[in-house]
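Me: I would like to go through the terms used for this structure one at a time, with the value set beside the cut-off in each case. Please take the sequence and the coordinates below as the starting point.

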Protein chains: 2
Amino acid sequence: MASSSSLTLSQAILSRSSIPRHASASTSSSSSLSLPSFSGLKSTSSSAAIRRRGPTTTRLPIRASAAVETLDKTTETELVEKSVNTIRFLSIDAVEKANSGHPGLPMGCAPMGHILYDEVMRYNPKNPYWFNRDRFVLSAGHGCMLQYALLHLAGYDAVKEEDLTSFRQWGSKTPGHPENFETPGVEVTTGPLGQGIANAVGLALAEKHLAARYNKPDSEIVDHYTYVILGDGCQMEGISNEACSLAGHWGLGKLIAFYDDNHISIDGDTEIAFTETVDSRFEGLGWHVIWVKNGNTGYDEIRAAINEAKAVKDKPTLIKVTTTIGFGSPNKANSYSVHGSALGAKEVEATRQNLGWPYEPFHVPEDVKKHWSRHVPEGAALEAEWNAKFAEYEKKYPEEAAELKSITTGELPAGWEKALPTYTPESPADATRNLSQQNLNALAKVLPGLLGGSADLASSNMTLLKMFGDFQKNTPEERNVRFGVREHGMGAICNGIALHSPGLIPYCATFFVFTDYMRAAMRISALCEAGVIYVMTHDSIGLGEDGPTHQPIEHLASFRAMPNILMLRPADGNESAGAYKVAVLNRKRPSVLALSRQKLPQLPGTSIEGVEKGGYTISDNSSGNKPDVILIGTGSELEIAAKAADELRKEGKAVRVVSFVSWELFDEQSDEYKESVLPSAVTARVSIEAGTTFGWGKIVGSKGKAIGIDRFGASAPAGKIYKEFGITVEAVIAAAKEVC
Amino acid sequence: MASSSSLTLSQAILSRSSIPRHASASTSSSSSLSLPSFSGLKSTSSSAAIRRRGPTTTRLPIRASAAVETLDKTTETELVEKSVNTIRFLSIDAVEKANSGHPGLPMGCAPMGHILYDEVMRYNPKNPYWFNRDRFVLSAGHGCMLQYALLHLAGYDAVKEEDLTSFRQWGSKTPGHPENFETPGVEVTTGPLGQGIANAVGLALAEKHLAARYNKPDSEIVDHYTYVILGDGCQMEGISNEACSLAGHWGLGKLIAFYDDNHISIDGDTEIAFTETVDSRFEGLGWHVIWVKNGNTGYDEIRAAINEAKAVKDKPTLIKVTTTIGFGSPNKANSYSVHGSALGAKEVEATRQNLGWPYEPFHVPEDVKKHWSRHVPEGAALEAEWNAKFAEYEKKYPEEAAELKSITTGELPAGWEKALPTYTPESPADATRNLSQQNLNALAKVLPGLLGGSADLASSNMTLLKMFGDFQKNTPEERNVRFGVREHGMGAICNGIALHSPGLIPYCATFFVFTDYMRAAMRISALCEAGVIYVMTHDSIGLGEDGPTHQPIEHLASFRAMPNILMLRPADGNESAGAYKVAVLNRKRPSVLALSRQKLPQLPGTSIEGVEKGGYTISDNSSGNKPDVILIGTGSELEIAAKAADELRKEGKAVRVVSFVSWELFDEQSDEYKESVLPSAVTARVSIEAGTTFGWGKIVGSKGKAIGIDRFGASAPAGKIYKEFGITVEAVIAAAKEVC
């Protein structure tokens, strides 16, 4: 074993090719590039790191032998180097062929990538969905060729050679950023920076939660790590601070994040915009922090850091790994030019020369191939071992096993929907946020995977599960998650929970207007097929005095415009139950429930079945599918439409009232059904909704009228605002008379 | 002067009424409430604070005499107490009358509020817009009664007694959260948490920038502080970390933030979700941190902290002020119940008893009134003094004075629009992101207030002003701002810049899809009338290989649905110039410019004037306003519409091509103009846009066709995606034939 040799091939290469920017790196300081070195900056973080190693943190001694356990699995450093360079060149070659992509990160992070996938992580390449696998998230998703190269070497079916050569092409399994729905083996969808680290917090939360619920003194049936690589860009995004603050608070000891500290972002050196001391910040957030000074070739340093991280069980660990972006490229390493463009034929050749790589593009040397080939049988063995363990567990703990199985398979317990509450017009009027809580509490009893919470508004969003306590560091078996005022992190954490296991059903809540804070995470829910339930209360001017900053206007439209997300706005108890039924059933499509702060009556004619169709008639005194006028409402305004219909009917009109609770679901119905609700011959249509009229034109047609609010709200008691804005029975009646 | 007396009235009151949670507070530890004390937590931050006072920071000795300078302006502590209690009761009474609002923060923060407005800040109540005033931002906007009470006492016309008694009522000047557009004296619009602190960073940036540009050795013509109060909620939001990281990076020494450390948020004690060490995080972010342990009655501590903060000129300062939320309420202080609800008549009475307050609701005692009355003459004197100074400055530096004047008044230099570049169909094809840069660079020469930058995508967004360097700590006179990968902070910082001075025109940039990260700040731009220019490139699937995470689909619709914001999607050079003309002219309405990554031809018929109308005909071979079909396109798809028209005309059709660059502007045109572009008799209409068809129904009508993309994008070369998604000339021709 030559692993602790102090002068490796790659270090020799580095000394003649790349730029050590830190005096502490064990490489020559001669340089062929004239980039600023920012030594002042680094000496700061260096001294911070030294301070950190003082008495304030309990630091385990790092010994060369600390890495022995994992090193047993590896072979000599020369082959490690070769494997690492294989990863580098697969990345270089794929980006070059596509003439598009980001070679810099894979070239710099190949060492940590190799160690993770070849030495550390437990997974089964032939079953990427094996429940107890270690999870890996590339938060710096633009470096996806790193992950594709690793999946390829490890033997995942999704990434064969032809997938590497079709990188970023139409229909390939290797899109421009990692997408879990395209590439089995990729856990989450990243690219938008900061999302991945927050997803990883969700994955680690799910592990800690399930372990606490299902592990037994004699059987750790849930037991895996979550690894992340994130870069400077992720670090700058606020979402990562939100999620990492929670990870520290929750003490997610099995979350290990590698911070690729390469000091380059798209606009150049991070010096221009990012001079904070990340170490101090993370220590403030309650993380254990380790600095690997030589991430380019310091394999043993990386291994030791991972071992140290695993030994710290009550805190997540940030391993700051100082790397050179584009390592190995003689003229582009350590510059922004290697971040997001192909190297170009000439520089690819120069890099081949520089790293001593004589192979054709996309070639995996035989010894490297052979070395990695063990992961297929080893992975199968890992899963088989776990399956045997589970069989044993099932015998001893049949009830827990059944529950856990429903979480790992996503199969909903038979008859779960019978738990949904039902209402009659005589049931008391109530706010849909309260009705939502009745549903959540009813469902939590029958759905073992339901868990969630609010961004510090539990008592306003009405999201507490009364039979459970708080998910906290020392009570991780509980199901009420306290996210604090961190909407964006909350959404992305829920994506991670949803993608951890098909039977986990996360919900999260805030005021509807604050979806603006978490929209990027919600879009990824929709894209990555995470069936998160977004419980969004205070859904209109009906919230009253808090005023326009808190009153959503354009939000219903903005989600109706988003692909693969269900926007649901129930009007009462039955519709709230219907919305939950739809949301629970849609495990690959997130649902947004817009709920009222104010009390609403239980309306005659509403139903769960109606909600499932998206739009349906709740009352009608016409015949032959030919009403004089159709009044269409959603949520709190359905009551207004119904009252207006009562008045109009007194005047002899044939009036249909339609609840349009989910446009997306209605769109999916047959033409025949749609015609039965909104007959094309009836152009006299009036819609009413306390939000923008944008989009309603298509529903009411050019002869109809859309009543809504096309301005910002106002601060006043809710009733007053409704009246001043003309969201009234009188306005509907007047509009109906105008159009018919 | 009894200010340094160690036992004040309020301390005596505190000892019998409220709960000291920290052993270090100089109050009795007896308690009538059984709330958890979390002493473990506090001892941690306490020791952190002690560490902080060690050799790592240059700390000025705090002496009682340090406060003397400001104390000269005040009177004895008893009157200060009375003033502070006046603030508390005005807040209590207003919330009580409205039966809605947040009394807890004003009750806890009244001491710092009093010291700021009565002793420290320089302002002129009768001219809230005096340029050189100190700025104050209540980032914890729900506590707005604090600010209204202070503005009332200080003599601002916007907040008279009748405004206090109509708190949160329709049409009042005292809405439920601070709104600059409703209440002169309020600088920005807050409520959505974290926005205010980021706005404040923008205000402080503007001051530092203008001071660097216009101050002379003999005249500091720009010279003010920016003060903020933020709470735990603001601290948890990612946006505040983004903005504060930049504030530290930029060394904004005149930014002084008070962190109301009251340990209570809506869901209860912050212990449940917020246990990070804020001090360490802020030190990591490059801030100077001070801890005031007794924010309830420690007036001298607060004064000393402000003096210390002012002495630290190269770093922003965070003053962590430990307070008791709802201070003075015997049964509700230090609990979430006092955060967001009226106290209730009984508890109001008990609080009156407890704080020894014999007055009627809304009463300001005569001595307090008299004490505050000096601010009107003093403010007038401050402004007069500055005006005299400016007159002097104008004589010596006429050029700089003229520029500064245009910034302070917002009057655009005559003929500025002549700088806009023009194009002919023969001008080379180019991406609108490049054309945008030509406009930015042309405008920077004639608009002294134009400054901005990108969220680490300057070279992709094409936003660099070539004649200027980077705004940095030591080069604050420059105009290229490097925001790092912090979209949300960027947007809110630009709001602060825009609201600092009417002539400052901030722009900021990222990929269009990442507006999702900053939407909350953009909505506030729209609401608070901040004319920020959002330069959003890579505006469709046209960006190609980066794939669906990077391809906007629903974003055009989502901004068209938002009130008071202009969504502009120019098609070529002339339209890009038009978009900038509109954006610059709209100083009270933000503009979003959606710009292409890919090259586009310069189309015949496009014009600046056309853009100003929002929608206009670029070519037409029909007569009598009766084309056979109208083809409507925006941005990069206008070219497709034009090409389809060419083909259709060859087949003998009368075809009109309409550029629909801004729906909002078109909506504002006369009915006659609209009819001249989209005659109601012509129902054969086809729209094409590489985004969702949501919303287009109203434009094309039930007989028309909208070509668009109602799914997520894909990773492939752009041309391939356009073809696969049917965004093609052929598709337009086919649709046109179907409809006419």
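Reply: Lys126(A) and Asp157(A) make a good place to begin, since they form a salt bridge whose closest N and O atoms are 2.6 Å apart. Please keep in mind throughout that this is a predicted model.

Me: Why is the contact between Lys126(A) and Asp157(A) called a salt bridge?

Reply: The term asks for a side-chain nitrogen of Lys or Arg within 4 Å of a carboxyl oxygen of Asp or Glu, and the closest N and O atoms of Lys126(A) and Asp157(A) are 2.6 Å apart, so the pair qualifies. Lys126(A) lies in the loop between helix 5 (104-120) and strand 1 (135-138) of chain A, whereas Asp157(A) lies in the loop between helix 6 (144-154) and helix 7 (161-165) of chain A, so the pair ties together parts that are 31 residues apart in sequence.

Me: What makes Lys126(A) buried, partly exposed or exposed?

Reply: Buried requires under 20% relative accessible area and exposed requires over 50%; Lys126(A) has 43% relative accessibility and therefore counts as partly exposed. Its partner Asp157(A) is likewise partly exposed, with a relative accessible area of 43%.

Me: How do you know whether Lys320(A), which forms a salt bridge with Asp279(A), is buried or exposed?

Reply: The relative accessibility of Lys320(A) is 4%, and because the limit for buried is under 20%, Lys320(A) counts as buried. Asp279(A), at 3% relative accessibility, counts as buried by the rule as well. The closest N and O atoms of this pair are 3.3 Å apart. Lys320(A) belongs to strand 7 (residues 317-322) of chain A and Asp279(A) to helix 11 (residues 278-284) of chain A, so the salt bridge ties together parts that are 41 residues apart in sequence.

Me: Which residues form the salt bridge between strand 10 and strand 11 of chain B, and what makes the pair qualify?

Reply: Arg482(B) and Asp470(B) form it, with their closest N and O atoms 3.0 Å apart, and since the cut-off is 4 Å, the distance satisfies the rule. Arg482(B) sits in strand 11 (residues 480-482) of chain B and Asp470(B) in strand 10 (residues 470-471) of chain B, twelve residues apart, so that the pair links distant parts of the chain. Arg482(B) has 12% relative accessibility and counts as buried. Elsewhere, salt bridges that share partners join Asp118(A), Arg374(A) and Glu378(A) into one network, and the structure holds 72 salt bridges over all chains.

Me: Why is His249(B) called buried?

Reply: His249(B) has a relative accessible area of 8%, and because buried means under 20%, the label applies. This residue is found in helix 10 (residues 238-250) of chain B. Its side chain reaches the backbone oxygen of Ile272(A) at 2.8 Å, and a polar contact of 2.8 Å joins the side chains of His249(B) and Gln472(B). Leaving aside neighbours within four places in sequence, the residues in contact with His249(B) include Glu271(A), Phe274(A), Leu285(B) and Lys473(B).

Me: How many residues does each chain bring to the contact between chain B and chain A, and how many salt bridges are counted there?

Reply: Chain B brings 97 residues and chain A brings 96 residues, and the count between the two chains is eight salt bridges. In one of them the side chains of Arg519(A) and Asp516(B) meet at 3.4 Å, N to O, which is within the 4 Å limit. The largest share of the side of chain B that touches chain A, seven residues, comes from helix 20 (residues 515-528) of chain B. The residues of that side divide into 38 nonpolar, 33 polar and 26 charged. The area buried between the chains is about 7,900 Å², of which carbon and sulfur atoms give 59%.

Me: What makes strand 9 and strand 12 of chain A a pair?

Reply: Two strands pair if at least two bridges are found between them, and strand 9 and strand 12 (residues 505-511) of chain A are joined in the parallel sense over five bridges, so the condition is met. In strand 12 of chain A, the bridge partner of Leu451(A) is Pro506(A). Strand 9 of chain A also pairs with strand 11 (residues 480-482) of chain A, in the parallel sense over three bridges, and there Gly452(A) stands opposite Asn480(A).

Me: Why is strand 9 of chain A called mostly covered?

Reply: Five of the five residues in strand 9 (residues 450-454) of chain A are buried. Leu450(A), Gly452(A) and Ser454(A) point one way and Leu451(A) and Gly453(A) the other way.

Terms used: Residues numbered from 1 in each chain as written. Chains lettered and ligands numbered in written order. Predicted model: local features only at pLDDT ≥ 70, side-chain atom pairs only at ≥ 80, totals over all residues. Heavy atoms only, no water. Buried < 20%, exposed > 50% of the residue type's maximum accessible area, 1.4 Å probe, protein only. Helix = DSSP H or I, 4+ residues; strand = E, 2+ residues; numbered from the N terminus. Polar contact = N/O pair within 3.5 Å; in protein donor to acceptor, adjacent residues only side chain to side chain. Contact = heavy atoms within 4.5 Å. Buried area = accessible area lost by both parts, 1.4 Å probe. Nonpolar A, V, L, I, M, F, W, Y, C, P; charged D, E, K, R; others polar.
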